[in-house]
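Please look through the structure below with its bound ligand in mind. The paragraphs after it go from single contacts to the wider surroundings.

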Amino acid sequence: LQTASYTDYIDRTSFYFDTVINIRIYDQKDESILDGCMELAQKYDSLLSAQTQGSDIWNINHSGGTPVTVDPDTISLLDQSLYYADLTGGAFNPALGSVISLWDFTSDDEKDHTVPDNSAIEEALPHTDYHAITIDNSTNTVTLTDPDVQIDLGAIAKGFIADKIKEYLLSQNVSSAIINLGGNALLVGSKPDNSSFTVGIEKPFSSGDYITTISTTDKSIVTSGVYERYFELDGTIYHHLLDPATGFPVQNDLYSVTIVSDNSADGDALSTACFVLGPEAGMELIESLDGIEAAFVYNNYSVVYSSGFPIN
Ligand code: ADP
Ligand code: MG
Ligand code: MG
């Protein structure tokens, strides 16, 4: 992710959601607004992380199928997650937790880079049906009708949180900012001189290089790529985008998918889903949706853009 140089800003970098985040504000010099952003990041990290004991998602996953009362924001994100699960035929699957936790793509220790036993995957797969997540919007309760289903919102949470931070920035009268959550970019307005921001789409496996740049305002730009979290074993790349049908990394000829949209939760869910669906079905889905554009980057670095993509 790259942004055109415009040097007059305040910013803050921190580590949340297992990734580096950076908030940059161009049109205000008030550090307390950055404090507020980081408080929101902290709040949503401890609400939505499946790994954090006592989070809403942890509580649901450890409920044994009894109803759990959660924060209205958790309900809202679960509603959006189930919507995208339906829309993508389960390619985006928020109930994949039991499979996801068999893999470790992020450890610095090579010993953790192992392929799970087939038997472990076979045992987990029957408990990945997102229909088991039932929501009562009138009481803010969530019930797992299959208590072995485990929710993991890693493929949509950063987008949702970026949208929440943007809402907060707008409430503080910020009209020029960039929210960067681990490469998920959400633009607030335009540069202070009203010109567009420039955001680069990373060239997979070539840090510092860009496939293309996008000049735009107010948009979300989210990428799902094999190069973000992966390990290599015996010549095979095992990456973190899992095929819900097999429990193994998706095998196709893509390196990444970038989604440009208004809301970042939409972009995040769809970038993951389009990678899983692959270039044909993924593009068909994108062309059927208003206001959502995509770039599919193949493993030979050729790129296919949706019809309205804002290519520079
Ligand atoms: P990143 O986490 O790098 O931003 P994504 O938004 O594409 O990338 O989310 C990928 C993460 O979501 C994985 O690390 C895993 O935890 C989870 N995940 C993997 N495959 C799926 C899937 N098919 N549906 C939903 N979540 C998934
Ligand atoms: Mg995603
Ligand atoms: Mg993402």
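In this predicted model, a polar backbone atom of Ala155 is found 3.4 Å from an oxygen atom of ligand 1. Side chains take part as well: Ser224 places a polar side-chain atom 2.5 Å from an oxygen atom of ligand 1, and in Thr272 an N or O atom of the side chain is 2.6 Å from an oxygen atom of the ligand. Taken alone, ligand 1 would expose 560 Å², and 94% of that area is buried by the protein.

Widening the view from these contacts to the whole shell, one finds 18 residues around ligand 1, of which Lys158, Ser224, Glu228, Asp268 and Thr272 come nearest. Sorted by class, this shell holds nine nonpolar residues, together with five polar and four charged ones. Helix α7, which spans residues 264-277, supplies the largest share of the shell, namely three residues.

Where, then, does ligand 1 lie with respect to the domains? Domain 1 (10-45 + 158-305) gives residues to the shell around ligand 1, and domain 2 (52-144) does so too, so the ligand lies between them. As for the space that ligand 1 takes up there, it is the largest pocket.

How values were computed:
Residues are numbered from 1 along each chain as its sequence is written. Chains are lettered from A and ligands numbered from 1 in the order in which they are written. This is a predicted model: local features need pLDDT of at least 70, side-chain atom pairs count only at pLDDT 80 or more; totals for chains, interfaces and linings use all residues. Side-chain values use heavy atoms; hydrogens and water are left out. A residue is near a molecule or strand if one of its heavy atoms lies within 4 Å of it. A polar contact is a pair of N or O atoms within 3.5 Å; within protein, one must be able to donate a hydrogen and the other to accept it, and residues adjacent in sequence count only if both atoms are side-chain atoms. Accessible areas come from the Shrake-Rupley method with a 1.4 Å probe; for residues, only the protein chains shown count as cover. On a 1 Å grid over the protein atoms alone, a cavity is a set of points where a 1.4 Å probe fits but cannot get out, and a pocket is an open set with protein on both sides within 12 Å along at least five of seven lines; lining residues have an atom within 4 Å of a point. A molecule sits in a cavity or pocket if more than half of its atoms lie within 2 Å of its grid points. Helices (H or I, at least four residues) and strands (E, at least two) are DSSP runs, numbered from the N terminus. Ala, Val, Leu, Ile, Met, Phe, Trp, Tyr, Cys and Pro count as nonpolar, Asp, Glu, Lys and Arg as charged, and the others, Gly among them, as polar. Domain bounds come from an automatic or database domain assignment.
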